[in-house]
Amino acid sequence: MSFFKYLLYPLAAFVVLLSIWVAFLATDLPSVETLKNWKPPEATTIYDYKGRPIGDVAIQRRYYVPLSYIPKYVQEAFIAAEDRNFYRHFGVDPIAIARALVANLLHREVRQGASTITQQLARNLFLTPERTLTRKIKEALLAIKIERTFSKDKILEMYLNYIYLGQGAYGVEAASRIYFGKSVKDLTLDEAALLAGLPKAPSKYNPFRNPQLVKERRDYVLKRMLEDGYITQEEYARYVEKPVKVKLENRYYGMDYFIDYVKSYLVEKYGEAILAGGYKVYTTLDRDLQNHARTVLERGVLRVAKANGIPFLPSDPYEVEKKYQDQKVELKPGKVLIGRIDDIDGDEYVVRVKDTVFRAKRGSLTFERGDFVLVKLHKRKGELGAEVLPDLEGALVALDAKTGAIRAMVGGYSYLRSSYNRAVYAERQPGSAIKPIIYLAALMKGYTQVSTIDASPRSFYDPSTGKKWTPSNYEGAEYGTVTLRTALAKSINTATVNLLADIGFDLPIEIGHRLGIELKPYYSMALGSIEVTPLQLTSAFQAFASLGMWCRPYFIEKIVGPNGELLEKNQPSCQQVLPAPETRVLVDMLRAVVTEGTAVAASSLGRIVAGKTGTTNDYMDAWFVGFSPYIVAGVWVGFDVKRSMGKGMAGARVALPIWIDFMSVAAYKYPNEDFPLPPGTKVVNCPTPMVFVEGTEGACQNQPQENDELEGIVDPNLWKKEAPPQAPQP
């Protein structure tokens with residue numbers, strides 16, 4: 001008896017001290033009353049111009065839905081997987097605690113947890129994830145208080161809307177949309193079981209990366225549902241046989257150049273709070289055209305890379321990582337391998353290729369730690385070194401010709417390789433794509449498209465270099481006297497610079513200013529020595545397509561708050577900045593670029609379109625900007641650094657095929673109508689139908705046969721032909 005006395009006193013003292021400690025912790029707990037008005041962060045949804053969702057921006061990607069919206073079998077799947085006694089305990093489950101304690105003691109490691117759904121909610125809402133006894137006691141006390149304050153259904157509703165389920169998804173509605181491309185109310189039983197298996201380890205059981213593990217976990221949840229009486233044996237047998245099917249295209253949901261562009265605007269104007277408020281942002285984007293633009297740009301850039309033996313990496317990081325692990329490493333000069341950037345040390349990258357580390361100059365490249373890159377090995381001074389190769393890149397932007405609304409925007413070959421939006425921010429030389437401004441200025445000075453210009457080479461003083469400069473033509477072609485129409489259609493450099501010398505700098509610079517392009521008083525500006533972004537240049541061509549009516553590019557139609565209030569509404573902002581008659585003549589000349597000039601391949605579309613190619617020195621930049629009366633699209637291809645794509649890689653060979661690919665869908669969304677003839681213009685057979693400003697048609701006369709050497713002209717069907725054999729890849 002005395003033995004038990006000695007045991008009882010210390011035990012009693014321990015219980016008293018523990019009670020005092022628990023009581024003290026209870027005084028330091030947050031109030032669960034705050035949950036009565038609780039509203040968790042919700043994603044702000046982005047819609048296209050037809051009201052279709054295209055992505056979201058969020059601090060936490062969540063769409064709160066009431067419990068009544070969530071099917072009963074979804075609720076039951078989570079209860080079976082996470083807390084089978086949910087409707088029977090008081091916030092803490094003593095039976096589960098005892099069961100977990102026994103299992104963990106038997107295995108001498110933590111194999112089972114005993115946190116209830118209410119405890120998980122308490123931890124996620126009020127506590128840190130640290131694994132300490134103090135946190136566990138606070139978690140249990142909070143769970144009991146939550147159970148005393150809210151009904152079981154309300155607790156389950158909060159839990160199902162708050163829990164993290166991987167891939168940036170918080171709550172069952174967001175997870176349903178990302179993994180299955182549907183609302184939670186439309187889930188099947190096996191899909192519900194898959195989601196219910198995720199809270200334990202969202203990364204480990206990621207359906208996009210580990211389908212076999214996910215199936216095992218899903219089948220475990222189905223078995224628990226069977227044991228708890230939620231499903232029948234027949235249902236269990238049927239659903240465990242079903243394969244795991246998720247929407248792989250949603251792996252990178254919301255990772256898009258345009259979505260980033262919208263996000264930057266929202267945060268700058270409204271602050272980060274808008275990312276957590278469940279707002280609705282209606283944009284001008286066309287979801288179908290955006291998806292198509294993304295596809296054609298990636299396809300086109302890869303086609304150029306293969307044709308020129310330019311090494312490239314896949315757009316999918318998972319695929320790149322697999323190639324990195326599987327590659328056969330031969331450390332020989334000239335070898336191109338996949339490396340990973342381990343560190344950035346000053347002006348050098350520290351690049352790892354499996355077990356070997358190289359230091360490589362950064363130059364103007366902008367890769368980050370963890371990025372996979374292509375490295376080319378070389379030998380200098382007897383030592384093996386490496387050069388980090390830039391990715392071949394591109395951009396595509398499309399505008400509504402009549403309003404300036406952005407219909408598509410793709411800022412690079414792969415957002416996952418580089419999120420830098422070249423469509424908006426990359427300033428590049430446009431080459432010959434700037435020439436329409438020079439020809440429009442000539443038309444406004446009284447020239448016609450059949451006026452002639454001497455295309456013989458002349459030398460000019462260039463104040464930008466302080467030296468004399470003599471322009472030359474593509475592939476060294478020479479010309480005599482040519483019409484303006486021919487000079488623009490065939491992109492004759494010498495004729496264009498001579499024309500600028502005749503008309504002067506003032507009017508072209510003024511036209512550029514009206515179109516949002518800053519031109520410099522240098523003769524080389526006629527050949528695109530200034531810099532523009534793809535959006536700027538495409539916007540200028542929008543004014544051509546609408547016969548002088550320039551519309552400021554815009555991308556937000558309206559923003560609606562969570563309670564339906566209108567925060568912002570935008571309309572097209574257009575102004576007649578160019579004379580319609582002369583602009584219509586220019587459009588006729590740009591039609592000739594397609595029908596008889598450097599962009600003749602675009603005639604394969606069978607639509608009435610116009611446009612201009614552009615190529616810069618040493619084939620560093622390739623452009624095509626073109627339009628129908630309804631839509632304008634600009635394409636740029638090149639490296640982010642000054643580097644040649646290869647001999648002959650002109651706009652007609654590189655950018656134009658991508659533009660044709662895009663317009664093969666975009667142009668067909670609209671009627672195939674000709675550009676209207678504004679007052680003050682007339683069509684004259686000269687000898688083919690041409691547009692003239694009224695009063696100038698007397699200049700029409702039969703023109704002599706002219707040289708047909710073109711800047712990068714290609715066979716109209718070349719872009720459809722099979723690409724050359726693929727260059728070896730690492």
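# A guided tour of the predicted model

The protein chain contains 21 helices and 23 strands in its secondary structure. The model on display is predicted. Begin with the whole chain in view: 54% of its 730 residues count as buried. The accessible surface of the protein chain amounts to about 32700 Å², and carbon and sulfur atoms account for 51% of that area. Among contacts between residues at least 6 apart in sequence, 70% join residues at least 24 apart.

## First stop: a mixed sheet

Select strands S2, S1, S3, S16 and S17. In that order these five strands make up an open sheet with mixed pairing. Strand S2 (53-57) and strand S17 (566-569) are the edge strands; each has a single partner strand, so one side of each has no neighbour in the sheet. On average, neighbouring strands of this sheet are turned by 15° against each other, direction ignored.

Next, narrow the selection to strand S1 (residues 44-47) and strand S3 (residues 280-283), which run parallel and are joined by three bridges. Within this pair, Ile46 has Val281 in S3 as its bridge partner.

Now add strand S16 (residues 556-560). S3 and S16 run antiparallel, with four bridges between them. Two places to label along this pair are Thr283, which stands opposite Ile556 in S16, and Tyr282, which stands opposite Lys558 in S16. In general, strands of a sheet pair through backbone hydrogen bonds, either parallel or antiparallel.

Which strands does helix H11 lie across? Show residues 257-270 to find out: H11 lies across S1, S2, S3, S16 and S17, and runs at about 45° to S2.

## Second stop: an antiparallel sheet

Hide the mixed sheet and select S10, S9, S21, S20 and S19. These five strands form an open sheet in that order, and the pairing is antiparallel. At its edges stand strand S10 (406-410) and strand S19 (610-615); since each has a single partner strand, one side of each is left without a neighbour in the sheet. From one strand to the next, the twist averages 5°.

Inside this sheet, highlight strand S9 (residues 392-400) and strand S21 (residues 631-639). The two pair in the antiparallel sense over nine bridges. Ala395 is a useful residue to label here, standing opposite Trp636 in S21.

Then display helix H20 (residues 580-596). H20 lies across S19 and strand S20 (621-627), running at about 65° to S19.

## Third stop: helices H7 and H2

Turn to helix H7 (residues 172-180). How many of the nine residues of H7 are buried? Eight of them are, so H7 is largely enclosed by the rest of the structure. The buried residues are Val172, Glu173, Ala174, Ala175, Ser176, Ile178, Tyr179 and Phe180. To see what covers them, show the neighbouring elements, which include helix H2 (72-82), helix H6 (152-162) and helix H8 (189-196).

Pick out Ser176 in H7. Is Ser176 buried or exposed? Its relative accessibility is 0%, so Ser176 counts as buried. Apart from neighbours within four places in sequence, Ser176 is in contact with Gly181, Lys182, Ser183, Val184, Leu187 and Leu195. One of these, Gly181, follows H7 and has a positive phi, near 65°.

From H7, move to H2, one of the helices covering it. H2 is also mostly covered, with nine of its eleven residues buried. Those residues are Val74, Gln75, Glu76, Ala77, Phe78, Ile79, Ala80, Ala81 and Glu82. The partners against which the buried residues of H2 pack are helix H4 (117-126), H6, H7, H8 and H9.

## Last stop: helices H9 and H10

The final selection is helix H9 (residues 211-227) together with helix H10 (residues 233-240). Their axes come within 10 Å and cross at roughly 175°, which means that H9 is roughly antiparallel to H10.

Show the side chains where the two helices meet. From H9 select Lys215, Arg218, Asp219, Leu222, Lys223 and Leu226; they meet Gln233, Tyr236, Tyr239 and Val240 in H10. Colour this contact by residue class to find five nonpolar, one polar and four charged residues.

Note on methods: Residues numbered from 1 in each chain as written. Predicted model: local features only at pLDDT ≥ 70, side-chain atom pairs only at ≥ 80, totals over all residues. Heavy atoms only, no water. Pairing = 2+ DSSP bridges. Axes fitted to C-alpha atoms, helices over the stretch in contact; angles between N-to-C directions. Contact = heavy atoms within 4.5 Å. Buried < 20%, exposed > 50% of the residue type's maximum accessible area, 1.4 Å probe, protein only. Areas by Shrake-Rupley, 256 points an atom, 1.4 Å probe, with all protein chains shown as cover. Parallel < 35°, antiparallel > 145°, perpendicular 65-115°, else oblique. Nonpolar A, V, L, I, M, F, W, Y, C, P; charged D, E, K, R; others polar.
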